[in-house]
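Hi everyone, and thanks for making time for this one. Let me put it up on the screen, and then we can walk through it together.

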Amino acid sequence: MNHLILVPILLPFLTALLIMLPPIHYSAQRRRWLSMISTALLLVVSVVLLLTIKQQGLTFYALGNWQPPFGIIMVADLVSCIMLCLTAFLALGAISYGSAGEDEKGSFFHPLFQFQLMGINGAFLTGDLFNLFVFFEVLLIASYALLIHAGGKNKTRATVHYVILNLTGSAVFLLALAILYGTLGTLNIADMALKVTQLPDDNLMLVKAGALMLLIVFALKAAILPLQFWLPATYASASAPVAALFAVMTKIGVYALLRVFTTIFGEQAGPLQGLANSWLWPFGLATMLLGAIGVLASQDFRKLVANLVLVSVGSLVVLVAVQNTAAHAAVLYYTVHSTLICGALFLLADLIATQRGKAQDRLVAARRVNQPVLLGTLFVLCAISVAGLPPLSGFIGKVMLLQAAFGANGQYWLWAILLLSSLLVLIGLSRAGSTLFWRVSGMQKAEERVQPLQLFAVLWLLSASLLLMVFAGPLTELSFAAARQLADVLGTIQSILPGSGVLP
Amino acid sequence: METLFALCIGFLTACGVFLMLRGRTFPVVVGLTMLSYAVNLFIFASGRLNLKGAVVLGTSDSYADPLPQALVLTAIVIGFAMTAFLVILAIRARADLGNDHVDGSMPAPRHAKRERTK
């Protein structure tokens, strides 16, 4: 039994409760420090868990010692551990940024943030589809409240849309779960993967319907083409630290797609194998293209960054559809890179907006920013990384994506659209950068300066790009190991349900 | 029984979807509530509909599946909390935006436009 698996869920939970108790709740400084220290601790725990899992292989924790398939289990494999580390890394940056003053614009910022971390971590660790739903709801209800943090008309409007859409998504999720439970008789992911192999022909279409309904739900969370219209408005209106954390929310959708459509409907699933691919491939490509067009068309910088999130989601989803080890490894590496850089860009957008006075982050001529050298340098670094220019991590990620598609059906479509969208992103970013920093008019008069914590947050997230480049060798090896473990469905079933050995 | 049950779920879903597509927040909230009722019934049915299924072991030949009942309980609780949140949010939106349209602004009615052009 490895109790360490539960810590990434319990730690944010207990921290959130502690922050709401009197000795800490009444002092802004204490709230901030507790929140930051706990998140740093979470990062340490996640890394330790990752190293342990790397040595031991897949491990699971049976709650209350109810053995699978009957009890609820938490499963830690390399994929979920990588995502945990990513979340903790991103969250530390976002909380540090929020602690510079953004958190006092509304109440309960830190507890909500921790509850959301709990939900995200739980979603990554769970080995049970219904629990995935529960953790989705935990992270969603925290995100609803965080989205409206600091108030304002735009936020309220965006939150109403976001909440209604996600409630509908939850209803569809439950329908899909009920169909799958009715046909497969279990909701444990490993057990479902096993039961799919013994499925009678009568139930085939039902299971397919359930699986494709799950696809709709995850596509809504990940913001894939026909279900992505909520994303730019929502992300652009959220306050900066919240938007930065939300950069990982779309990736949860991608993770769930990966989990369901490679483990449950993986190579062992017979006629149901890869049933989502024919949908994910074209819609992923279209999302990428649409995101790139959105980058060009954006009127303000935050919308532009939100469209960058769409581009990254599109390229990830296409690679999920390719279904080979190299593709999954590329997905993992690129997820880490794109999440952290998009988070950094959201924070940077807020820094730029506060220094430009009334113009905020709209891409129009306005007064000069107060610290053009500092913000400009950060902007260039972020832009280079997100557009995929060498030497930063975006380049390595893009190369991995392109290599993984080598030999796949429709490889040239992917290459063409990926490269074209990179070009469009580059054009959009250079246009935005030159407008923000060079098209200046009037005198500068405000004295807003970047606060040390804010600078630390952006540098922290940006340093990830550097680390991802310097340690590209070990990290790509790690993502390949994770992808191999993900593809090894039979091994997963064997280690979670050791008695079941009926597979060919 | 199956037909009646299926018809109920279908009717609730249809009403829910229709109401959700309305333009004001209150019908949308009611629509979501109806949809979640339909979903709850549907989850309940995934354990198969059977009469006189026993709950306690050793008391009968046929047993009810306990898991969908647990699932449906969870779904009810979560759905309830979310609906409560949405109601509060709708009131807040009404206060912040000055109207209860989901887009935050009432679309100009067509005949009004025509009158203006006259």
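When I say helix or strand today, I mean a DSSP run, with at least four residues of H or I for a helix and at least two of E for a strand, numbered from the N terminus. And please keep in mind that this is a predicted model.

With that in hand, let's begin with chain B. An unreviewed UniProt entry lists residues 26–49 and 70–91 of chain B under "transmembrane region". What is the helix content of residues 70–91 of chain B? That span is 100% helix and 0% strand, and its end C-alpha atoms lie 32 Å apart. Residues 26–49 of chain B come out at 83% helix and 0% strand, with 34 Å between the end C-alpha atoms.

Now, how does chain B meet chain A? The contact takes 20 residues from chain A and 26 residues from chain B. On the chain B side, the elements that give two or more residues are helix H2 (25–45) and helix H3 (66–97). H3(B) gives the most to that side, with 14 residues. If we sort the chain B side by class, we find 19 nonpolar, five polar and two charged residues.

Let's move over to chain A. Here the unreviewed UniProt entry lists residues 127–423 as "domain: NADH:quinone oxidoreductase/Mrp antiporter transmembrane". In the model, this stretch of chain A is 76% helix and 0% strand, and its end C-alpha atoms are 40 Å apart.

Next, the inside. The largest nonpolar core has 220 residues, and those with the most contacts inside it are Leu90(A), Leu177(A), Ala330(A), Leu345(A), Leu347(A) and Leu348(A). Which helix gives the most to this core? That is helix H15 of chain A, residues 325–355, with 20 residues.

H15(A) deserves a closer look. At 1.5 Å a residue, its 31 residues should span 45 Å, and the end C-alpha atoms are indeed 45 Å apart, so the two agree. Is H15(A) enclosed or open? Of its 31 residues, 28 are buried, so H15(A) is largely enclosed by the rest of the structure.

Two residues give us a feel for its surroundings. Setting aside neighbours within four places in sequence, Leu347(A) is in contact with Tyr97(A), Ala240(A), Ala244(A), Ala457(A), Val458(A) and Leu461(A). Cys342(A) is also in helix H15 of chain A. Why does Cys342(A) count as buried? Because 29 C-beta neighbours lie inside 10 Å, and the cut-off for buried is 20 or more. Leaving out its neighbours within four places in sequence, the contacts of Cys342(A) are Ala247(A), Val305(A), Leu308(A), Val309(A) and Ser312(A).

H15(A) is followed by Gly357(A), which has a positive phi, near 65°. A little further on, Gln360(A) sits in the loop between H15 and H16 of chain A. Its phi is also positive, near 55°, and it is not a glycine. Gln360(A) has 16 other C-beta atoms within 10 Å, so it is partly exposed.

There is another such residue in chain A. Ala150(A), in the loop between helix H6 (129–147) and helix H7 (153–184), has a positive phi near 80°. It counts as partly exposed because it has 17 C-beta neighbours inside 10 Å. As for H6(A) itself, 18 of its 19 residues are buried.

Why point these out? Most residues other than glycine have a negative phi, and most peptide bonds are trans. On that second point, the bond from Pro68(A) to Pro69(A) is cis, with omega near 5°. Another cis bond joins Pro390(A) and Pro391(A), with omega about 10°. Pro391(A) lies in the loop between helix H16 (372–387) and helix H17 (393–404) of chain A.

Pro69(A) takes us to our last stop, as it lies in the loop between strand E1 (59–62) and strand E2 (73–76) of chain A. E1(A) and E2(A) pair antiparallel over four bridges, and Phe60(A) has Val75(A) as its bridge partner in E2(A). In a regular strand the side chains alternate between the two faces of the sheet. Along E2(A), Ile73(A) and Val75(A) point one way while Met74(A) and Ala76(A) point the other way, and all are buried.

That's my tour. Happy to rotate the view for anyone!

Key: Residues numbered from 1 in each chain as written. Chains lettered and ligands numbered in written order. Predicted model: local features only at pLDDT ≥ 70, side-chain atom pairs only at ≥ 80, totals over all residues. Core = buried A, V, L, I, M, F, W, Y, C linked by C-beta atoms within 7 Å. Buried ≥ 20, exposed ≤ 12 C-beta atoms within 10 Å, placed from the backbone. Contact = placed C-beta atoms within 7 Å. Nonpolar A, V, L, I, M, F, W, Y, C, P; charged D, E, K, R; others polar. Expected span 1.5 Å × (residues − 1). UniProt positions renumbered as here; feature names shortened; annotations may be inferred. Pairing = 2+ DSSP bridges.
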